[in-house]
Every structure is written in structure tokens, then in C-alpha cells.
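Subject: Structure handover

Hello,

Please find the structure below, as agreed. My notes on it come after.

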Amino acid sequence: MKFREIKLENGAEFILGKDKESNDELMKDFKGKSNTILHTSSPGSPFCVIKRKISKEDIYMAAVACARYSQDWRNNKKDVRVNVFTGREISKGKGMKTGTWNVRKFKTIIVKKEDILKTL
């Protein structure tokens with residue numbers, strides 16, 4: 001399965017799903033692990049996993065990438081709310097649609113419109 005992979009100059013690495021199937025595969029790979037994962041508050045974005053290096057700046061940059069590829073950004077072109085959690089906080093119930101996961105506990109950060117525009 002192909003994913004988007006982003007590597008920052010500081011060594012931080014992110015993996016993003018490209019569609020509901022790759023999102024599902026990505027979450028299966030990181031379910032139960034301590035990696036930081038991000039997803040927009042609204043449906044229709046890639047799950048983004050921080051693979052290596054973790055700082056507040058890395059989390060925000062991963063959130064910008066997640067927001068940039070989201071339907072929320074595509075449709076509204078304004079600030080995007082992104083949830084941050086770990087693989088230990090996710091589960092998949094029977095009958096849940098492909099690409100859909102339960103998240104027990106998360107924090108939310110706001111990605112500013114101007115930060116998304118800088119990445120385009």
C-alpha cells in the first residue's frame with residue numbers, strides 16, 4: 001500500500017494515508033503503539049503518523065500536513081481543527097466502515113490557514 005511520506009530537515013518523519021483504504025492499513029499498523037497520530041476533527045482527511053522525532057513543532061507540522069490534504073481545508077479554506085492521539089487510543093469495532101476508527105482520548109489543536117497556505 002502506498003502512503004505519503006514527509007521528512008523534515010530536522011529529521012522528523014510523517015506517514016499519511018491517501019484514501020480510506022490506506023488510512024485503514026496505516027491505523028492497523030500503528031494500533032496499540034505509542035506513535036503520535038493526527039486526524040482532522042471533521043471526517044475526510046488522512047491519518048498522519050509521526051514516525052520519528054517528536055517535539056511540539058513536529059506535531060504542529062504534522063497537523064499542517066494532515067489539514068492540507070483534508071476535505072475540510074479543500075471545502076472551506078479556513079483554520080482546521082486537528083485531533084492528536086496515540087495508537088493506544090484507537091480501536092475498530094465490528095461493522096465500522098473502511099477508514100473509520102474510534103478514538104478514546106485526544107487533544108485538539110488549531111492549524112492556522114496561513115500555515116497551510118505556506119505549504120502549497
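The notes below go through the sheet, the helix, the cores, the cysteines and two residues in loops. Please keep in mind that this is a predicted model.

The sheet

Six strands form an open sheet, and their order across it is β1-β2-β4-β3-β5-β8, with antiparallel pairing. The order across the sheet is worth tracing on your screen before you read on. At the edges are β1 (4–7) and β8 (107–111), each of which pairs on one side only. From one strand to the next, the twist averages 25°. As background, strands of a sheet pair through backbone hydrogen bonds, either parallel or antiparallel.

Strand β5 is a useful one to follow. On one side, β3 (residues 36–40) and β5 pair in the antiparallel sense over five bridges. In that pairing, L38 stands opposite V84 in β5. β5 also pairs with β8, again in the antiparallel sense and over five bridges. There, V80 has V111 of β8 as its bridge partner. β5 is mostly covered, since five of its seven residues are buried.

The helix

How far apart are the end C-alpha atoms of helix α2? Helix α2 covers residues 56–68, which makes 13 residues, and at 1.5 Å a residue it should span 18 Å. The end C-alpha atoms are 18 Å apart, so the model agrees with the expected span. Several residues of α2 are buried, namely D58, A62, A63, V64, A65, C66 and A67. As a general point, an α-helix has 3.6 residues a turn, so residues three or four places apart point the same way.

The cores

The largest nonpolar core has 18 residues. Within this core, the residues with the most contacts are F14, L38, C48, V82 and V111. The elements that give two or more residues to it are β2 (13–16), β4 (48–52), α2 and β5 (80–86). The largest share, six residues, comes from α2. There is also a second, separate core of 11 residues, which includes F30, F47, V49 and I90.

V49, from that second core, is placed in strand β4. It is buried, with a relative accessible area of 0%. Which residues does V49 touch, not counting those up to four places away in sequence? They are E13, F14, I15, L26, M27, F30, N35, T36 and I37. One of these, N35, is 14 residues from V49 along the chain, yet the C-alpha atoms of V49 and N35 are separated by 6.7 Å.

The cysteines

C48, listed above for its contacts in the largest core, is buried, with a relative accessible area of 0%. Leaving aside neighbours within four places in sequence, C48 is in contact with F14, I15, L16, T36, I37, L38, A62 and C66. C66 is buried as well, with a relative accessible area of 0%.

Why is there no bond between the sulfur of C48 and that of C66? The sulfur of C66 is the closest cysteine sulfur to that of C48, but the distance is 5.9 Å, which is too far for a bond. A disulfide needs the two sulfur atoms within 2.5 Å. From the other side, the sulfur of C66 also has C48 as its closest cysteine sulfur, at 5.9 Å. The structure holds zero disulfides.

Two residues in loops

Most residues other than glycine have a negative phi. Two lysines in this model should be looked at with that in mind.

K53 has a phi near 70°, a positive value in a residue other than glycine. K53 is found in the loop between β4 and α2. Is K53 buried or partly exposed? K53 is partly exposed, with a relative accessible area of 46%.

K77 is not a glycine either, and its phi is positive, at about 50°. K77 lies in the loop between α3 (71–76) and β5. K77 is partly exposed, with a relative accessible area of 41%.

If you want a place to begin, start with C48: it is buried, it is among the residues with the most contacts in the largest core, and its contacts include A62 and C66, both of which are buried residues of α2.

Regards

Notes
Residues are numbered from 1 along each chain as its sequence is written. This is a predicted model: local features need pLDDT of at least 70, side-chain atom pairs count only at pLDDT 80 or more; totals for chains, interfaces and linings use all residues. Side-chain values use heavy atoms; hydrogens and water are left out. Helices (H or I, at least four residues) and strands (E, at least two) are DSSP runs, numbered from the N terminus. The expected span of a helix is 1.5 Å times one less than its number of residues. Buried means under 20% relative accessible area, exposed over 50%, partly exposed in between (1.4 Å probe, protein chains only). A nonpolar core is a set of buried Ala, Val, Leu, Ile, Met, Phe, Trp, Tyr and Cys residues joined through side-chain atoms within 4.5 Å. Contact means heavy atoms within 4.5 Å. Two strands pair if DSSP finds at least two bridges between them. Axes are lines fitted to C-alpha atoms, for helices over the stretch in contact, and angles run from 0 to 180 degrees between N-to-C directions.
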